[in-house]
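Thanks for coming, everyone. I'll put the structure up and then talk through the sheet and a few of the helices.

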Amino acid sequence: MEYYSLNQYLRDTFGEKVYKIALDGGFTCPNRDGKIGVGGCIFCAGDGSGAFAGSRALSVTEQIENGKALVEKKMGKATGKPRKYIAYFQNFTGTYAPVERLRELYEKALAPDEIVALSIATRPDCISEEILDLLTELNQRKPVWIELGLQTIHKDTAEYIRRGYDLPVYESAVKQLKDRNITVITHMILGLPGETKEMMVETARYIGEAGSDGIKLQLLHVLKGTDLALDYEKGLFEVLPMEEYVQIVVECLAVLPERMVIHRLTGDGDKKQLLAPLWSADKKRVLNRLTKEIREYTR
Ligand code: SF4
């Protein structure tokens with residue numbers, strides 16, 4: 001089976017490899033500051049799911065410079081023309097601030113020539129009309145991507161993970177963003193407690209049909225210090241073994257539209273915080289296994 005990877009999409013769109021720079025915009029989250037809840041989603045570590053974001057003590061411009069330096073260090077100095085980057089507000093809720101503040105942050109992130117797109121991770125219940133107007137305006141200049149943390153379509157699981165909004169809220173956000181031509185990427189988690197393979201495949205199919213342009217498939221990571229870790233340590237659920245995960249990913253890909261961009265096939269977190277499943281820390285091995293299984297699968 002073939003799938004449309006993010007790398008391929010970036011090459012098709014920008015003509016070359018593009019690197020992401022994860023930024024910390026100093027946001028919080030309504031699921032943590034008391035507006036909706038205080039404990040956050042059950043799996044969320046205190047960093048707001050932004051293990052690799054820049055330091056919030058620095059300005060956006062400084063974080064971009066640091067991010068570029070890290071890429072140069074890893075990849076070697078660019079020869080010829082400068083590299084291209086995506087500015088990515090990764091942690092907490094990247095649209096949860098007054099619109100003037102958002103404008104300031106987004107404008108700074110988009111300003112450098114080498115930044116070719118802006119990606120913002122957020123919640124579907126945090127996108128007001130005036131924020132939509134701002135995103136629409138910026139999207140005329142450079143592509144704007146909005147990443148929505150849906151995780152599951154199943155009500156009981158959504159309640160257990162304390163997501164804090166219902167499915168129609170997601171549907172409406174996708175519709176409003178797509179009406180404005182803004183790219184939508186949806187996060188889903190595989191291996192949530194109580195979910196069967198069929199339930200996960202159902203979520204994937206739904207995301208494809210809802211009109212999302214891209215998807216991030218993430219393995220459930222049990223991180224130290226989270227409420228999820230407490231339930232795990234009490235033996236209330238088990239994490240997915242690698243082989244089962246691989247099978248579920250393949251079946252999810254099979255129900256997605258062929259042109260849907262696959263941004264991620266597994267989780268990517270801070271290994272020091274990881275409690276389970278420990279096999280996921282060997283990302284190279286997991287990706288090799290996934291690639292092989294996907295290649296061999298026939299729709
Ligand atoms: S919405 Fe995001 S930042 Fe907020 S608690 Fe949930 S995972 Fe964490």
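Look at Ser119 to begin with: its position is opposite Trp145 in S5. This is a predicted model, so please take what follows in that light. The two strands involved here are S4, residues 115-122, and S5, residues 144-151; they run parallel and are joined by five bridges.

Now the sheet as a whole. It is open, has eight strands, and reads S1-S9-S7-S6-S5-S4-S3-S2, with parallel pairing. At the edges stand S1 (4-5) and S2 (18-23); each has a single partner strand, so one side of each has no neighbour in the sheet.

What lies across S5, S6 and S7? That is helix H7, residues 197-210. For reference, S6 covers 183-190 and S7 covers 214-219. The helix runs at about 180 degrees to S6.

Next, a pair of helices. H3 is residues 99-110 and H4 is residues 129-141; their axes come within 10 Å and cross at roughly 15 degrees. Angles under 35 degrees count as roughly parallel, so that is the term for H3 and H4. The crossing is right-handed.

Which residues make that contact? From H3 we have Val99, Leu102, Arg103, Tyr106 and Leu110. From H4 the residues are Glu130, Ile131, Leu134, Leu138 and Arg141. Sorted by class, the contact of H3 with H4 has seven nonpolar residues and three charged ones, with no polar residues.

That's what I have; over to you.

Conventions: Residues numbered from 1 in each chain as written. Predicted model: local features only at pLDDT ≥ 70, side-chain atom pairs only at ≥ 80, totals over all residues. Pairing = 2+ DSSP bridges. Helix = DSSP H or I, 4+ residues; strand = E, 2+ residues; numbered from the N terminus. Contact = placed C-beta atoms within 7 Å. Axes fitted to C-alpha atoms, helices over the stretch in contact; angles between N-to-C directions. Parallel < 35°, antiparallel > 145°, perpendicular 65-115°, else oblique. Left-handed = near helix turned anticlockwise from the far one by under 90°. Nonpolar A, V, L, I, M, F, W, Y, C, P; charged D, E, K, R; others polar.
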